[in-house]
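Visitor: Could you walk me through this model, starting with the ligand and then moving on to how the domains meet?

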Amino acid sequence: MNTGDPSAIGGSEGTADPRGLGTRLAHTAREPFANRGFVNTPIHRGSTVLFRTLDELEGAMQVNTRTGPYTYGLIGNPNSRELERMLASLDGAAGAVVVESGLAAVSVALLAALKSGDHLLMTDSCYGPTRYLCTHVLAQLGVETTFYDPRAGAAIEALIRPNTRVVFLESPGSLTFEIQDVPAIARVCRARGVTTIIDNTWATPLFFRPIEHGVDLVVHALTKYQSGNSDILLGAVSCADDAWWRRVKTTAEAHGHYAHPDDCATCLRGMRSLEVRVKRHEASALEVARWLETRTEIVRVLHPALPSHPDHALWKRDFTGSTGLFGCVLRAHPSGRAYKKAFLESLRLFGMGFSWGGFESLVVASDVRASRIAPPFPDAASNEGTLLRLSIGLEDPRDLIADVSGALATAVARFGAAGGA
Ligand SMILES: Cc1ncc(COP(=O)(O)O)c(C=O)c1O
């Protein structure tokens, strides 16, 4: 495997497109007349790429692996490059690197930026497997992680050590939905020479563009909204500048990461309708969330676009919309797990399962008390009941509300109302 001469890799793709996001979603990353007029690029499966001459082969190894000739399936194919072009355009990035899952994108971004002896500041609200990556894999490689309060903002500076290389953000936080002051953290990090990486899966580039706020690397679990159909796994890292793109790309290659062309084409197909879908997810989620706020069985709703959310002002300042994922706390009940089980198992439209961002609504119950370590967790609020995460799909929101209402009624009929209700 040869990744080409890094000095020959250059050029930016996403920064100059003045067109609206909807237009870019429809028109970026396809070349019909290079493909016999077909609107969508055919799928290019393959490992080997043939060269007619030795000069061609040697020349291909020396040029930009983002725009130059293809060399080997692992390094890129027309479908992965198109998806990368689309992401770079939406993110205003110099380039993007697609890999086989959102978690692979998290690990590639971190491994591109860290080495043995480094210190990492990781938000305490990170996605669970990201936490595991830090506490097990990175720890074994000699990288020390400190989990910080996601609401630290500019106070993150006090946690930066001489060997701190990366601050990793995720906003809103997984399960608990804290909004981070991304510009404040990015400003501090820029001044201190610390790299920033954000998991921006919740917002998608439609509603938050971290590179515009000074972040270096943006991680996407394309498995969620970009794909939109719960049928593939895929991830990407968008890079603020070309040097970062080179580092992330070579790190991905060195670890043998790869995004299958079928999955890239499927994801790009999903992205053509991303704006329409996400706006529907947004509207329905707000409708369900507002309804939940009126229910006595629910202690609180964790949705940053609701004025009741403690970080609503920050969300309003930095984001241009919200998506379909939010949390709520099902009031603690004397019957404990049996009450929760009755509620969850009585849902007919909401599936119980992991992941989110698909057309179908999902719910999972979780308990963050065992894993969260940075203040203010664990706190009194986390003992109020069961933390639920709802992914609102594309169903009619009135049916979703009826579904939750019916399941609550079933649980209450069986076990009585929870205290305080
Ligand atoms: C916030 C966040 N980031 C990353 C991932 C990982 O994505 P994938 O399932 O594609 O590995 C997930 C998955 O649920 C997630 O919720």
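Visitor: Which residues come nearest to the ligand?
Guide: Happy to start there, bearing in mind that this is a predicted model. There are 13 residues around the ligand. Of these, the ones that come nearest are Gly102, Asp199, Thr223, Lys224 and Trp356.

Visitor: Which residue has a side-chain N or O atom 2.8 Å from an oxygen atom of the ligand?
Guide: Let's go through the polar partners one by one. Leu103 has a backbone N or O atom 2.9 Å from a ligand oxygen, so that pair falls within the 3.5 Å cut-off for a polar contact. Trp356 uses a polar side-chain atom, at 2.9 Å from an oxygen atom of the ligand. The side-chain N or O atom at 2.8 Å belongs to Lys224.

Visitor: How much of the ligand's accessible area does the protein cover?
Guide: Good follow-up to those contacts. On its own, the ligand has 390 Å² of accessible area. The share covered by the protein is 91%.

Visitor: How far apart are the C-alpha centres of domain 1 and domain 2?
Guide: First, the bounds: the domain assignment gives domain 1 as 1–101 + 223–272, domain 2 as 117–205 and domain 3 as 274–415. Between domain 1 and domain 2, the distance from one C-alpha centre to the other is 27 Å.

Visitor: Which three residues supply 51% of the area that domain 1 buries against domain 2?
Guide: The contact involves seven residues of domain 1 and five of domain 2. About 530 Å² is buried between these two domains, with 68% of that area from carbon and sulfur atoms. On the domain 1 side, the trio that contributes more than any other three residues is Tyr225, Gln226 and Trp244.

Visitor: How many salt bridges are there between domain 1 and domain 2?
Guide: By class, the domain 1 side that touches domain 2 has four nonpolar, one polar and two charged residues. The search for residue pairs in polar contact across this interface, with both at pLDDT 80 or more, finds zero. For salt bridges between domain 1 and domain 2, the count is zero.

Note on methods
Residues numbered from 1 in each chain as written. Predicted model: local features only at pLDDT ≥ 70, side-chain atom pairs only at ≥ 80, totals over all residues. Heavy atoms only, no water. Domains from an automatic or database assignment. Contact = heavy atoms within 4.5 Å. Buried area = accessible area lost by both parts, 1.4 Å probe. Salt bridge = Lys/Arg side-chain N within 4 Å of Asp/Glu carboxyl O. Polar contact = N/O pair within 3.5 Å; in protein donor to acceptor, adjacent residues only side chain to side chain. Nonpolar A, V, L, I, M, F, W, Y, C, P; charged D, E, K, R; others polar. Near = heavy atom within 4 Å. Areas by Shrake-Rupley, 256 points an atom, 1.4 Å probe, with all protein chains shown as cover.
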